[in-house]
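Visitor: Hello! Could you walk me through this one, starting with the ligand and its surroundings?

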Amino acid sequence: MSSSPASARDGFSSGFGVLAATLGSAVGLGNIWMFPYQTGNNGGAGFLLIYLLATLLVGLPLMIAEISLGRSARTDPVGVYRKLAPGTLWWIIGALGLVSVLLIMSFYSAVVGWVFAYVGKSVSGGILTQDRSLLEQTFGGLVSNPAAALGWQWLVLLLVGIIITFGVSRGIEAVTKRLMPLLFGLLVLVALAALMLPGAMEGVRFLFLPDFSRIDGQVLLKALGLAFFKLSLGVGSMTIYGSYFRQQQNIPRTALTVMLADLTVSMLAGLAIFPAVFALGFNPASGPALLFQTIPAVFASMPLGHLLMIVFFVLTAFAAIGAMLSLVEVPVAILHERLRIERARATWLTVLALVGLGSLSALSSSTLSHVQLGGMNLFDLFDFLSSKLLMPITGLLTCLFVLLRWKQAGFVAANSNEGALHNTGLLRAVFTILTKVTPLLILTVMLYGLLG
Ligand code: PFF
């Protein structure tokens, strides 16, 4: 990565690299850890259906908008709005995104720390069992041990700092490109093994037969928040990645591919987890612990389970790091391109801030468990503030920006590569959804979820 400012910006070097890195941002713990546990907590298929709608009507149009805004301005997520709407306050969109990034990184890095710890536990083999109480104790023991929770999290942050120091094309692309196909293949295997457990069909029913009695305003807001989180929207990650996109890249097609692939990974994770939950008597609503308790039990039923479980947690760790890279890239790019701080220094400043902020989440089930706000510990509070408040608000403002400042002509020109792609009709339709349907949905769900 060049350390000179925006004039010599680094970027993704190939079409596949663009796709892999964007997918690397979308696919992560959101798919493998958060999607299953939120689906479990909120009643299964009904939640899934609403999440799908949110992904289609809110996620996809916003992803196209964020990426194309980034590519048009080719600068950091605050600078994008300063460049496209000079002298206005629209840059606040970028600033709000930055706040979300810091909140998300705080709890996300704590969970990646748990994944790292489980790589270690997989190697030693102690968790390769279907003994429910042992698996529950193992997870509980990890999150309530302050030294372990902090140590693993800090290790994760150190590693992310090192990868980012190598820059966009060498660091991010190199890591994510190799990882996705492997993770995908292994998830298929785990899902197949889970589906073969006796009693597995109950889990499939849970995932696919909707029960709408569980749906209320809060559940709607959770599904919307998950759609934002899953596709890395409303924080500036897609905007900054867009700024590294090649000029000839087809943005709408890339966004659609990323959305579909992301959804597939989530569904596979659901199919790996819920059959096992019902077959082995776990509680589908066990929250953040769900992945860590059920997945080892599935591997315990598989041939080569020990080896494959190690590979699974290693790949999950890589996927999570790919997502984290896109989060950390937001503050790093802002510090580098706004404040002209050298990239390496910007990276380590960010990592240092995250060690502090992240510790609050890592300790939220132990030393800091008494710190509660609105019935939430710090971990849950940061999740709530980002996914259910800031990201939807930022998304809403982005829709308004496209409607009021960029307008249809700007949006269509950017996404048709100045007419080269001959997709103007499609883009007009996307523009209509993005500026009418998407903002209305976000607003309604937020009001209903927060006040209803
Ligand atoms: N999309 C990532 C996941 O599903 O794990 C998480 C994430 C990454 C959220 C980047 C937000 C973001 F900007």
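Visitor: Which helices each supply at least two residues of the shell around the ligand?
Guide: Glad to help, and please keep in mind that this is a predicted model. Four stretches of the chain meet that condition: helix H1 (15–26), helix H2 (29–41), helix H10 (217–230) and helix H14 (305–337). In short, the names to note are H1, H2, H10 and H14.

Visitor: How many residues of the shell are charged?
Guide: The shell around the ligand holds 15 residues, and Gly30, Tyr108, Lys230, Val235 and Ser237 come nearest. Sorted by class, seven are nonpolar and seven are polar. That leaves the charged class, with a count of one.

Visitor: How far is the polar side-chain atom of Lys230 from an oxygen atom of the ligand?
Guide: Let's take the backbone contacts before the side chain. A backbone N or O atom of Leu29 lies 3.0 Å from a ligand oxygen, and a polar backbone atom of Gly30 is 2.7 Å from an oxygen atom of the ligand. For the polar side-chain atom of Lys230, the distance to a ligand oxygen is 2.7 Å.

Visitor: What percentage of the ligand's accessible area does the protein cover?
Guide: The ligand sits in the largest cavity. On its own, the ligand has 330 Å² of accessible area, and the protein covers 100%.

Visitor: Which residue forms a salt bridge with Arg338?
Guide: The whole structure has five salt bridges. In the one with Arg338, the closest N and O atoms are 3.0 Å apart. Arg338 is in the loop between H14 and helix H15 (343–362), and its partner, 262 residues away, is in the loop between helix H3 (45–73) and helix H4 (79–84). That partner is Asp76.

Technical notes. Residues numbered from 1 in each chain as written. Predicted model: local features only at pLDDT ≥ 70, side-chain atom pairs only at ≥ 80, totals over all residues. Heavy atoms only, no water. Near = heavy atom within 4 Å. Polar contact = N/O pair within 3.5 Å; in protein donor to acceptor, adjacent residues only side chain to side chain. Areas by Shrake-Rupley, 256 points an atom, 1.4 Å probe, with all protein chains shown as cover. 1 Å grid on protein atoms, 1.4 Å probe; cavity = no way out; pocket = protein on both sides within 12 Å on 5 of 7 lines; lining within 4 Å. Sits in = over half its atoms within 2 Å of the grid points. Nonpolar A, V, L, I, M, F, W, Y, C, P; charged D, E, K, R; others polar. Salt bridge = Lys/Arg side-chain N within 4 Å of Asp/Glu carboxyl O.
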